[in-house]
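User: I am new to reading protein models and would like a close look at one part of this one. Could you pick a stretch and explain how its residues fit in with their surroundings?

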Amino acid sequence: MKTLLITGCSSGFGLDTARYFLERGWKVIATMRKPREDVLPRSEHLRVLPLDVTDPASIRELVEAAGPIDVLVNNAGVGLMGVFEGTSMETVRNTFETNTFGAMTVTQAFLPGFRQQKSGVIVNVSSGTTLKPLPLLAVYSASKAALNAFTESLALELQPFGVRVSLVIPGRSPETPFAQNAQARTKDQGVSVPEAYAGFVRSIFEQRTAHASGPVTRSADVAEAIWRAVNDPSSPLRLPAGADAVEMARSN
């Protein structure tokens, strides 16, 4: 029985992906900053472990507790929406710490194990915002675009060791709390809208409201894409997940 470790499992894509693999007979190590046993069905194949991807000590403790794994899914991430001019560089760095450096640090910590066993799969969960330029998402999109570039180069480095690397690219998912969490984080980080941008920002929100009924991504789409990335060696390195992400990928 194979073991999958996935970060950011308290809600959304991570939670549903953990459940998806559990239902299909995998051992799952679900990590969360604040572990909760009640969000997933009880199973002898499930372990819930603490992890803060921005804390090197937390990552080291996870690697020791987890033991050998077959699949690593870097799903933990934070959102941010706002005008770049009104965003502090501290907030920019904090966003990259989770979305980019966090995934890189977790990956690096597990690489010796993958390399020694000469097998394994690493899946990094990116964002459809990297497929199409969008206003108010400069920092978030940049953090995910960096993850994309990292993933594509890493895939080449790990080929000689029989380790596959994939990139799952979800679109907008209203059914998950990600957007609400991003809005709350934007407020907590003190991201402001300079007066000169007020009309522009208002028009962007009006456009998004008008197009709210378009194609979207379901959590199930992401879980299925990760399943394919893990189990189908012939799958492409980049896998858009969700109707809107697929549409954007085709238009590129």
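What follows is a close look at helix 1 and the residues around it.

Analyst: Happy to! First, a word on what you are looking at: this is a predicted model, where local features need pLDDT of at least 70, side-chain atom pairs count only at pLDDT 80 or more, and totals for chains, interfaces and linings use all residues. Residues are numbered from 1 along each chain as its sequence is written, and side-chain values use heavy atoms, with hydrogens and water left out.

Let's start with the helix itself. Helix 1 (helices are DSSP runs of H or I with at least four residues, strands are runs of E with at least two, and both are numbered from the N terminus) covers residues 12–23. Its twelve residues reach 17 Å from the first C-alpha to the last. That is close to the expected 16 Å at 1.5 Å a residue (1.5 Å times one less than the number of residues). Just beyond the end of the helix, G25 takes a positive phi of about 85°.

Is helix 1 largely enclosed or not? Nine of its twelve residues are buried (under 20% relative accessible area; exposed is over 50%, partly exposed in between, with a 1.4 Å probe and protein chains only), so the rest of the structure largely encloses helix 1. If you want to find them on the model, the buried ones are G12, F13, G14, L15, T17, A18, Y20, F21 and L22. The cover over these residues includes strand 1, strand 2, strand 3, strand 6 (163–170) and helix 7.

Several of those elements turn up again in the largest nonpolar core (buried Ala, Val, Leu, Ile, Met, Phe, Trp, Tyr and Cys residues joined through side-chain atoms within 4.5 Å). This core has 31 residues, and V28 and I226 touch the most other members. Helix 1 is one of the elements that give two or more residues to the core, and so are strand 1, strand 2, strand 3, strand 4, strand 5, helix 7 and strand 7. Apart from this core lies another one of 24 residues, including I59, L62, A66 and A103. In soluble globular proteins, nonpolar side chains tend to be buried together.

V28 makes a good stop on the tour. Leaving aside neighbours within four places in sequence, V28 is in contact (heavy atoms within 4.5 Å) with A18, F21 and L22, and also with L4, H45, L46 and R47.

Now for the aromatic residues. Rings of Phe, Tyr and Trp (its six-membered ring) pair if their centres lie within 6.5 Å; planes under 30 degrees apart count as stacked, over 60 as edge-to-face and the rest as tilted. By this rule there are six aromatic pairs. In one of them, the ring centres of Y20 and W227 are 5.8 Å apart with the planes at 65°, so this pair is edge-to-face. Y20 belongs to helix 1 and W227 to helix 7, so the pair ties together parts that are 207 residues apart in sequence. Y20 counts as buried at 16% relative accessibility, while W227 counts as partly exposed at 23%. Next come F21 and W26: their ring centres are 5.2 Å apart and their planes are at 90°, so this pair too is edge-to-face. F21 is buried, with a relative accessible area of 0%, and W26 counts as buried at 7%. Ring pairs link Y20, F21, W26 and W227 into a cluster.

Which charged residue lies over the face of Y20? That residue is R24, at 3.5 Å from the ring centre (a charge sits over a ring if NZ of Lys or CZ of Arg is within 6 Å of the ring centre and within 35 degrees of the ring normal). The charged end of R24 also sits over the ring of W227, 6.0 Å from its centre.

Finally, let's follow one covering element outwards. Strand 1 helps to cover helix 1, and three bridges join strand 1 to strand 4, with the two running parallel (strands pair if DSSP finds at least two bridges between them). Here I6 has V73 of strand 4 as its bridge partner. Strand 4 goes on to pair with strand 5, again in the parallel sense, over four bridges, and V73 has V123 as its bridge partner there. In strand 4, V71 and V73 point one way and L72 and N74 the other, and all are buried.
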